[in-house]
Amino acid sequence: MGKNERTQKQGKKKRVKLGMMNRYRWIMVALQVVALLIVCKLFMNTIVHADGWNELAKSGIRDSVVIYPERGNILAEDRSILSANIKVYSPEIDFNSESFKADTLRKYIDSVVERVTEMDPTQNPKELKEEILTRLDSFVVIKKHNTRVSKIDKDKRGPADTFKRYGKWRKVKLLTNIYNEDRQYLLKCKFFNVTGGKYTLTKNPTILRRRPFGKLASQCIGATKEERVGNNKTVFRGETGLERALDTLLYGKNGWGSTVSSTKSLTTWEVEPAQRGYDVVTTINIHMQDIVETELEKMCQITKSEWATAVLMDV
C-alpha cells in the first residue's frame, strides 16, 4: 500500500469522525434546549403563575364532606338475610373505548348475543343483534365525521365542520342489574378476551336494597325509599315495616372528611369514618313463615276473603 493511499484513508476516517462529532453536538444542543424549556415551564408554573394554579386546586377542595354509611341487614332467627344492600351491574359495550375495534365486534357479535340471551332469555337474539349493529354503525359515522373535522384548521372550518356528540350511540347496554358473578361470566365471552374487545365492557355499578326471599314476610320487613345525596350516591331510609321502625339502627352514622388533591384527581380523606348500620336479628323463622303464608293464601282463595291473619306461637 502506497503512502498516498494511507493518507487518503486517514483523511476519510477523520472526516467521518468529524461528521459524527458534529451530529453529537447538534443532539446535545437539542437536549439542552429541551431541558431549558422544561426549566422555564417549571419556573412559570411554580413561581410566576403559582397563585392561579393554587386557586384552581382549591376550587375543587371542600373542607367538610359527608361520608355516608352502609345500611345494616335485617336477618331471620337463623341469620338468613331478609333484607340487605347489594351491588349490581348494568354492563355496556363502550364503542369509544381506546381498545375498541368495530371490525372485531362485527366478527364476534354472534357470540356476544348468544351469551347475553343465555343469561337473559327474555331478550330476542335478532332484535339484540340489530340494536348493537345499529348503534355501532351510527357511532362509526359520527366518529369518521369528528376525525375529519379535527384535521381541519379552526379558521377554515365551515358550518358543516362542527363536532357531533355521540350521545346514546356511544354505548349499548347488554344486561341490567346483574350480580358480579354474572358479570364475570359475561366477560368470559370470546369478544371480551381478544384485541379490540378487551377492556370495552363498562361496569356501571348500582347499590340496591333487596329481599332475597321475595314476598316472604315482606309486610313485616317493610320497604325503603331511595335518597340521592352528594356525588351521585344513594342512601336508603325506612318507609314501612321493620325498615322504618328500626331505621335509626339500620342506617348507621354519617362520617365526614375533606377532599384533597392527588396527582390524578380529588380524593376524600376520612377524618371521622362512617359507622355501618347494625344488623338486626328478628324472630322470624323463614320455614314457618313460608308455611303460614302459603296456607293463608290457600284459605283466602277457598273462602274468597280479601285478607287473613294468623298467629304463630312457639309453645
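Is His-145 buried or exposed? In this predicted model, His-145 is buried, because its relative accessible area is 13% and the cut-off for burial is under 20%. His-145 sits in helix α4. Leaving aside residues up to four places away in sequence, His-145 touches Ala-160, Thr-162 and Lys-164.

Helix α4 is a good place to begin. The helix covers residues 125-150, 26 in number. From first C-alpha to last it reaches 37 Å, close to the 38 Å expected at 1.5 Å a residue. At the start of α4, Asn-124 makes a polar contact: one of its side-chain oxygens comes to within 2.9 Å of the backbone nitrogen of Lys-126. His-145 has company in being buried. The buried residues of α4 also include Leu-128, Ile-132, Leu-136, Phe-139, Val-140, Ile-142 and Val-149. Polar and charged side chains are in the list too, among them Arg-135 and Asn-146. The cover over these buried residues includes helix α3 (102-119) and strand β5 (171-173).

Phe-139 leads on to the aromatic residues. Together with Phe-95, Phe-100 and Tyr-166, Phe-139 forms one aromatic cluster. The model has four aromatic pairs. One of them joins Phe-95 and Phe-100, with ring centres 5.2 Å apart and 45 degrees between the planes, a tilted arrangement. Phe-95 counts as buried at 1% relative accessibility. Phe-100 is buried as well, at 10%. The rings of Phe-191 and Phe-192 also pair: their centres are 5.1 Å apart and their planes stand at 70 degrees, so this pair is edge-to-face. Both Phe-191 and Phe-192 are buried.

Two other rings carry a charge above them. The charged end of Arg-115 sits over the ring of Tyr-185, 4.3 Å from its centre. Arg-237 does likewise with Tyr-251, its charged end lying 4.0 Å from the ring centre.

Now the strands. Strand β5, part of the cover over α4, belongs to an open sheet of three strands. The order is β5-β4-β6, and the pairing is antiparallel. Which strands stand at the edges? They are β5 and β6 (201-202); each has a single partner strand, so one side of each is left without a neighbour in the sheet. Strands of a sheet pair through backbone hydrogen bonds. Strand β4 spans residues 92-94 and pairs with β6 over two bridges. In one of these pairings, Glu-92 has Thr-202 of β6 as its bridge partner.

Strand β3 (residues 81-89) has partners of its own. Strand β2 pairs with β3 in the antiparallel sense over two bridges. Leu-75 stands opposite Ile-81 of β3. The two strands form a hairpin with five residues between them. In this hairpin, Arg-79 takes a positive phi near 75 degrees. Strand β3 is also joined to β7 (residues 205-210), by six bridges, and these strands run antiparallel. Here Asn-85 stands opposite Arg-209 of β7.

Asn-85 and Arg-209 return in the surroundings of Asn-73. Asn-73 lies in the loop between β1 (65-67) and β2 (74-75). Why does this loop residue count as buried? Asn-73 is buried because its relative accessible area is 12%, and the limit is under 20%. Its contacts come from several parts of the chain. Apart from residues up to four places away in sequence, Asn-73 touches Ser-83, Ala-84 and Asn-85. The list also holds Arg-209 and Leu-250. Arg-276, Tyr-278, Asp-279 and Val-280 complete it.

Gln-275 lies in another loop, between β11 (266-272) and β12 (280-281). How exposed is Gln-275? Gln-275 is partly exposed, because its relative accessible area is 45%, and that class lies between the 20% and 50% limits. Its contacts, not counting residues up to four places away in sequence, are Pro-69, Gly-252 and Lys-253. The C-alpha atom of Gln-275 is separated by 9.4 Å from that of Arg-71, although the two are 204 residues apart along the chain.

Definitions and conventions:
Residues numbered from 1 in each chain as written. Predicted model: local features only at pLDDT ≥ 70, side-chain atom pairs only at ≥ 80, totals over all residues. Heavy atoms only, no water. Helix = DSSP H or I, 4+ residues; strand = E, 2+ residues; numbered from the N terminus. Expected span 1.5 Å × (residues − 1). Buried < 20%, exposed > 50% of the residue type's maximum accessible area, 1.4 Å probe, protein only. Contact = heavy atoms within 4.5 Å. Polar contact = N/O pair within 3.5 Å; in protein donor to acceptor, adjacent residues only side chain to side chain. Phe/Tyr/Trp six-rings, centres within 6.5 Å; stacked < 30°, edge-to-face > 60°. Lys NZ or Arg CZ within 6 Å of the ring centre and 35° of its normal. Pairing = 2+ DSSP bridges.
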